[in-house]
Amino acid sequence: VPMVAPGNVQVHVINSTLAKVHWDPVPLKTVRGHLQGYKVYYWKVQSLSRRSKRHVEKKILTFRGNKTFGMLPGLEPYSSYKLNVRVVNGKGEGPASPDKVFKTPEGVPSSPSFLKITNPTLNSLTLEWGLPTHPNGVLTSYILKFQPINNTHELGPLVEIRIPANESSLILKNLNYSTRYKFYFNAQTSVGSGSQITEEAVTIMDE
């Protein structure tokens, strides 16, 4: 098997889900056989928004021939990763380069895990929601938009409310009685708005 590990491994983080890794080629005489390529082992150490440890699954990408760089797609935003590089010949892999740590920046969050609308009265509705399954960063706020729908399914004016990130419920007041409303709800990080969840609910007709 090859004798030495690739040197000078560098990682350039391009965005929250993509990084580029490059390395110096090993001297050909240390390959001790036919140079087949390089393997990059990489794995997620932890999410920076959740301190939970879990089973670490190592991923491997193979770059054929004498390439000295490669792209690592499909990374998770706002996470800490490690990687190392090994050279490969027909017999197997050489030793690993020292582990390199890199971090991906924040991304936009996934949609809130649920949006529940309860306690209808003549002029109010109560909204409750759950955190996004993948915050992908530090949540800065939630954005609620809603509008009335009349009997011919035409949409009325859209109202937008920004809600602090630490809230998980809201009582919406001053609504019209016996009116159907459509709600659009999403979470935000400093990068931008995530995908939205939609619901409809009706205020009651009379007490």
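1. In this predicted model, L127 has L170 as its bridge partner in strand β12. The two strands concerned, β9 (residues 125-129) and β12, pair in the antiparallel sense, and 4 bridges join them.

2. That pairing belongs to an open sheet of 3 strands, arranged in the order β8-β9-β12 with antiparallel pairing. The edges of the sheet are formed by β8 (115-118) and β12 (169-172), each of which pairs on one side only. From one strand to the next, the twist averages 20 degrees. As general background, the strands of a sheet pair through backbone hydrogen bonds, in either a parallel or an antiparallel sense.

3. A further antiparallel pairing, over 4 bridges, joins strand β2 (residues 18-24) to β5. Within it, H22 has F69 of β5 as its bridge partner. Strand β5 (residues 69-72) presents two faces: G70 and L72 lie on the covered one, F69 and M71 on the uncovered one.

4. The ring of F69 deserves a separate remark, as two lysines are placed over it. K20 lies over the face of F69, at 4.9 Å from the ring centre. The charged end of K67 also sits over this ring, 4.9 Å from its centre. F69 is thus described in three settings: as the bridge partner of H22, on the uncovered face of β5, and beneath the lysines K20 and K67.

5. The aromatic pairs number 9 in total. In one of them, the ring centres of W23 and F63 are 6.0 Å apart and the planes stand at 45 degrees; the pair is therefore tilted, since this angle falls between the limits of 30 degrees for stacked and 60 for edge-to-face. W23 belongs to strand β2 and F63 to strand β4 (residues 59-64), so the pair ties together parts that are 40 residues apart in sequence. Both residues fall under the 20% limit for burial: W23 counts as buried at 3% relative accessibility, and F63 is buried with a relative accessible area of 10%.

6. A second pair, Y81 and F102, has its ring centres 5.5 Å apart and its planes at 15 degrees; this angle is under 30 degrees, so the pair is stacked. Y81 is in strand β6 (residues 79-89) and F102 in strand β7 (residues 100-103), and the pair links distant parts of the chain, 21 residues apart. Y81 counts as buried at 4% relative accessibility, and F102 is likewise buried, with a relative accessible area of 6%.

7. The W23 and F63 rings should also be considered together with Y38, because W23, Y38 and F63 form one aromatic cluster.

8. V40 is located in strand β3 (residues 35-47) and is buried, with a relative accessible area of 0%. Leaving aside residues up to four places away in sequence, V40 touches V21, W23, K59, I60, L61, F63, L72, L83, N84 and V85. Two of these contacts, W23 and F63, are members of the aromatic cluster, while L72, also in contact with V40, is on the covered face of β5. The C-alpha atoms of V40 and T62 are separated by 6.4 Å, although the two residues are 22 residues apart along the chain.

Key. Residues numbered from 1 in each chain as written. Predicted model: local features only at pLDDT ≥ 70, side-chain atom pairs only at ≥ 80, totals over all residues. Heavy atoms only, no water. Buried < 20%, exposed > 50% of the residue type's maximum accessible area, 1.4 Å probe, protein only. Pairing = 2+ DSSP bridges. Axes fitted to C-alpha atoms, helices over the stretch in contact; angles between N-to-C directions. Phe/Tyr/Trp six-rings, centres within 6.5 Å; stacked < 30°, edge-to-face > 60°. Lys NZ or Arg CZ within 6 Å of the ring centre and 35° of its normal. Contact = heavy atoms within 4.5 Å.
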